[in-house]
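Let's take a walk through a protein model and look at how some of its charged side chains pair up, and then at how it holds a metal ion. Have the structure open while you read.

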Amino acid sequence: MSLKLYNTMGRKLEEFKPLHEGFCGFYGCGPTVYNYAHIGNLRAYVFLDVLDRVLCFLGYKKKHVMNITDIGHLSGDADDGEDKMVKQAIERKQSVLEIADFYTKAFFNDIERLNIKKPDVVCKATDHVQEMIDLIKQIEANGHTYMAGGNLYFDVTTFDDYGKLANLKLDELKAGAGERDVVVVDENKRNPYDFVLWFTKSKFENQALVWDSPWGRGYPGWHIECSAMSMKYLGRHFDIHTGGIDHIPIHHTNEIAQSEGAFSSEERNAGPWVNYWLHNEFLVIQKEKNDDSSDDTAKMSKSSGNFLTLQTLIDKGYDPLDYRYFLLGAHYRSQAKFSWDSMDSAKNSRKALVQRAAKVFASYDGKSVDESSLSEKAKDYLAKFTTAIENDLATPQALSYVQVAIKDSELQASEIVTIVRKMDEVLGLKIEDCAKEFNKKESAQVDTHEGDPEAEEITALVLERTQAKKDKDFAKADQIRNDLQARGVIIIDTPNGPIWKRN
Ligand code: AMP
Ligand code: ZN
């Protein structure tokens, strides 16, 4: 098998063929840091993390780039509304950069708690304004722009295939049809779908951050930052671009137009800017049952008040990994329906997984088993797991294989340890750490046997087993373990020697 990914461009599953053998360059649209990320936003980054981990699991070298939007993202993606950063700064009486700094730190704290690996490159929009200006100059030189009302616009009619990603047709768009239903009235625009590359007319009298440019002192439109930064770090053509599905009709559609609009004819002939477009579906909130509307879900959005942060989940007693587990249980291209019941069920399933793993690690002798010397059955689990993740990152199936393998009594503990470690490279559930932590807590509770009349005898048997293991008399050691198990006593091997407890 080989990696297959669902490409939004063309709407089909395709075999992943990187531009450079064995290497994948990819870019994910990062957060706009004017507030805490909500758990819907965080779904986008767990998905991106799974992609990153799958590439590594399959042996690719990779470069993962993520932007931090700290300027220019208006409350409407199509240039309408207010600048989200500036609005927050005014309300909080802080500078834009202070706001950005605070919420960037909060974002990285969240992703660390979700065991999301930090991207290889994290780049801030405000550090790359010169790159944006340079790119806009190329777009202008290729004849795609016009000035109106003090702003520089991209003229979408000059770009063949505008809207291809979202299956948009300009004629239909003018009539307001198609996947994109946002029509912004801006009298400066020649076409409703034209978008701003550079603003000089600020909606705020004291626009906090402005830069000199060939078009006047001002600031960049939101879309240009992703084109400029991805190209800077990944080159003029790269493999994969990701984001939530909301980005298909406007943000990514405009990113393609301006990036390829900056291409020379050689670059155009060399192929598209990005080969694979991957989009995660939304996290929605399951409405209360007493709501009698036909739609039983609500969008997670800050404005509607349906806005939960990771910290809210923690405050309610969930581990961030419970939320990660919940997300892995839904395929990234399906809506994930959030409810407290579904969080409880994720929490319980993860707990059961950790407890299973704890038993395995307790009886594991520490000897590592090479993947090639695994039994056929263990190899089969790994093969099925690999097939699942190669099939467009099918995490629900992948998760089911770890759950089954971990309780397969035909496998030796050392084999289970090997395959669980391998599978967890993709799942990122910290199964081994959690299992060991669980055993540590258990041992803290059971290492004294005061008031237990049988304790002396059991302790003596445990010591006898330890001696048998030292003498390499494994048959005897196993016999003692089994006898004790039959009496309801479990031996837990810890780094400080064995302890026992009643089952
Ligand atoms: P933002 O910080 O608003 O720029 O969004 C960050 C990322 O979260 C983008 O990739 C969005 O597409 C994605 N996103 C926003 N809302 C949701 C949601 N409810 N579920 C999943 N992804 C979302
Ligand atoms: Zn972007």
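## Charged pairs and a metal site

Both R324 and D49 are buried. Keep in mind that what you're looking at is a predicted model. The side chains of R324 and D49 meet in a salt bridge, with N and O 2.9 Å apart. R324 sits in helix 10 (residues 320–328) and D49 in helix 1 (residues 39–57), so this pair ties together parts that are 275 residues apart in sequence.

What's going on in pairs like this? Side chains of opposite charge can pair when their charged atoms come close.

Now find K232 and E131, which also form a salt bridge, their closest N and O atoms being 2.8 Å apart. Here K232 belongs to helix 6 (residues 223–234) and E131 to helix 4 (residues 129–141), so the pair links parts that lie 101 residues apart in sequence. Are these two side chains buried or exposed? K232 counts as partly exposed because its relative accessibility is 44%, and E131 is partly exposed too, at 24%.

K12 gives you another example: its partner is E14, with the closest N and O atoms 3.8 Å apart. With a relative accessibility of 47%, K12 counts as partly exposed.

Here are the three pairs side by side:

| Salt bridge | Closest N to O |
|---|---|
| R324 and D49 | 2.9 Å |
| K232 and E131 | 2.8 Å |
| K12 and E14 | 3.8 Å |

How many salt bridges are there in the whole structure? A search finds 27. Some residues join up in a network of salt bridges: D52, K62, K117 and D120 are linked this way.

### The zinc ion

Next, zoom in on the zinc ion (ligand 2). Which residues hold on to it? The protein donors are C29 (SG), C226 (SG), H251 (NE2) and E255 (OE), at 2.1 to 2.7 Å from the ion. Along the sequence, these donor residues follow the spacing C-x196-C-x24-H-x3-E.

H251 and E255 share helix 7 (residues 248–261), where they're four residues apart, about one turn of the helix. H251 counts as buried because its relative accessibility is 0%, and E255 is buried as well, with a relative accessible area of 0%.

What about the geometry of the site? The angles among the four donor atoms run from 69 to 131°, and the site is irregular. Why not tetrahedral? That label needs all angles to lie between 85 and 135 degrees, and the angles here start at 69°.

Methods: Residues numbered from 1 in each chain as written. Chains lettered and ligands numbered in written order. Predicted model: local features only at pLDDT ≥ 70, side-chain atom pairs only at ≥ 80, totals over all residues. Heavy atoms only, no water. Salt bridge = Lys/Arg side-chain N within 4 Å of Asp/Glu carboxyl O. Buried < 20%, exposed > 50% of the residue type's maximum accessible area, 1.4 Å probe, protein only. Helix = DSSP H or I, 4+ residues; strand = E, 2+ residues; numbered from the N terminus. Donors = N, O, S within 2.8 Å, 3.2 Å for Na, K, Ca; no water. Tetrahedral: all angles 85-135°; square planar, octahedral: opposite > 155°, others 65-115°.
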